[in-house]
Amino acid sequence: MHRQAKHAFRKTSRIPTLGAKSLPQKYFVSPGIFAKEQAEIFAKQWLLVGHQSQIPKPGDYFVAPVADESLIIVRDQGSTIRGFYNVCRHRGTRLKEDAYGHASALQCPYHAWTYRLDGRLIGAPHMGEVPGFDKADYSLRAVNLGIWEGFIFVNLADEEAAANDSGYKSLEEWFAPLNGKFSHWNISILQPAKRIEYDVQANWKLMFENYSECYHCPGVHPQLQKVSPYDSAENDLREGPFLGGFMKINPGKSLTMSGNACAAFVGKIENLQQVFYYSIFPNMLLSLHPEYVMVHQLWPQSPERTLIVCDWLFHPDAFNRSDFKPDDAIEFWDMTNKQDWHVCELSQQGIASRAYEPGPYSSRESIPAAWDRYYLSVMR
């Protein structure tokens, strides 16, 4: 799929270091490694949780499970998007159980402590009788939140920890290398047409590695191969947390079930015969097509299980046109996604065997090799 596509560009990247091999077995099966990933990566890095189009109006919210935490992402009365821990300041009760919804205020279901959408405590029954109690001392605890290209990111590192971590970067610093790179796609104004969630019985790193090479495309993705040749790509991001490039689309074709364009173009796309694929460490896969954008969130659940959330976004003008056929693209990638997930599950099963040994990277796998290097540097 798009991941595969990306893999393809790897072919024009530098060849992996002589003797370089895939990660040892422990990185895919060890509970200890998984716990360290949660502590060193998912509790410290900027993580994609959604897109601003999910909460268009003040009062709209969704709940995001992040590294054993539950967060409320809400658009407040002034239309600012904020993030709070889903924890009442009274007895710690979860404020919201629903995955998404609309509320004029955030009220605890236990003792009715009530918070404005900006997190300030405005109601605490009978607490006025407690000497020294001040509602200003009990606002909801905020989480670091930022917006990039319309995507919502959070970082669980608190301000004190961030100040003491020389490796910590604000969201603006983190994404500085990508400033303006995707402006032609108008991602911030795109609107969602579909979300599909996948429960994959494989380690999360296998999905990143799979997305980063198209070495597997001829055998795993025959439908994709017909419209986007696996050896047609070039990479422009080859090291660090952002990796990927483009693959060609056959003239007059689109990545849809019919092979035809399914919507109005998302912007002034210079080359309609290219699709771009980028992995953004540690939980985002971004696929940029002429007429839609597809994005995956990856959420590791255990060494052998990953939840994947896939969204398809289109230009708002496309929804009112007679030629708008989003299912044509959604069905194509749902099919391709499932092909990827299945082969990742087969990899997980084989890696767990006593017979497994790391294998060498091919010349078409320079991006998976680069991803592994960056992952190991973060894990120290």
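## A buried aspartate between two strands

In this predicted model, aspartate 311 has a relative accessible area of 9% and is therefore buried. Its salt-bridge partner is arginine 195, with the closest N and O atoms 2.8 Å apart. The two residues come from distant parts of the chain, 116 residues apart: aspartate 311 lies in strand β17 (residues 305-314), and arginine 195 lies in strand β11 (residues 191-200).

Arginine 195 counts as partly exposed, at 33% relative accessibility. The pair thus joins a buried carboxylate residue to a partly exposed arginine.

## The pair of arginine 82 and aspartate 76

A salt bridge also connects arginine 82 with aspartate 76, where the closest N and O atoms are 2.5 Å apart. Aspartate 76 is buried, its relative accessible area being 4%. Arginine 82, by contrast, is partly exposed, with a value of 32%.

## A network around glutamate 40

Glutamate 40 and lysine 44 form a further salt bridge, and their closest N and O atoms are 3.2 Å apart. Lysine 44 has a relative accessible area of 33% and is classed as partly exposed, because this class covers values between the buried limit of 20% and the exposed limit of 50%.

Together with Arg380, the residues Glu40 and Lys44 are linked in a network of salt bridges.

## Salt bridges in the whole structure

A search of the whole structure finds 13 salt bridges. Among them are the pair of aspartate 311 and arginine 195, the pair of arginine 82 and aspartate 76, and the pair of glutamate 40 and lysine 44.

Definitions and conventions:
Residues numbered from 1 in each chain as written. Predicted model: local features only at pLDDT ≥ 70, side-chain atom pairs only at ≥ 80, totals over all residues. Heavy atoms only, no water. Salt bridge = Lys/Arg side-chain N within 4 Å of Asp/Glu carboxyl O. Buried < 20%, exposed > 50% of the residue type's maximum accessible area, 1.4 Å probe, protein only. Helix = DSSP H or I, 4+ residues; strand = E, 2+ residues; numbered from the N terminus.
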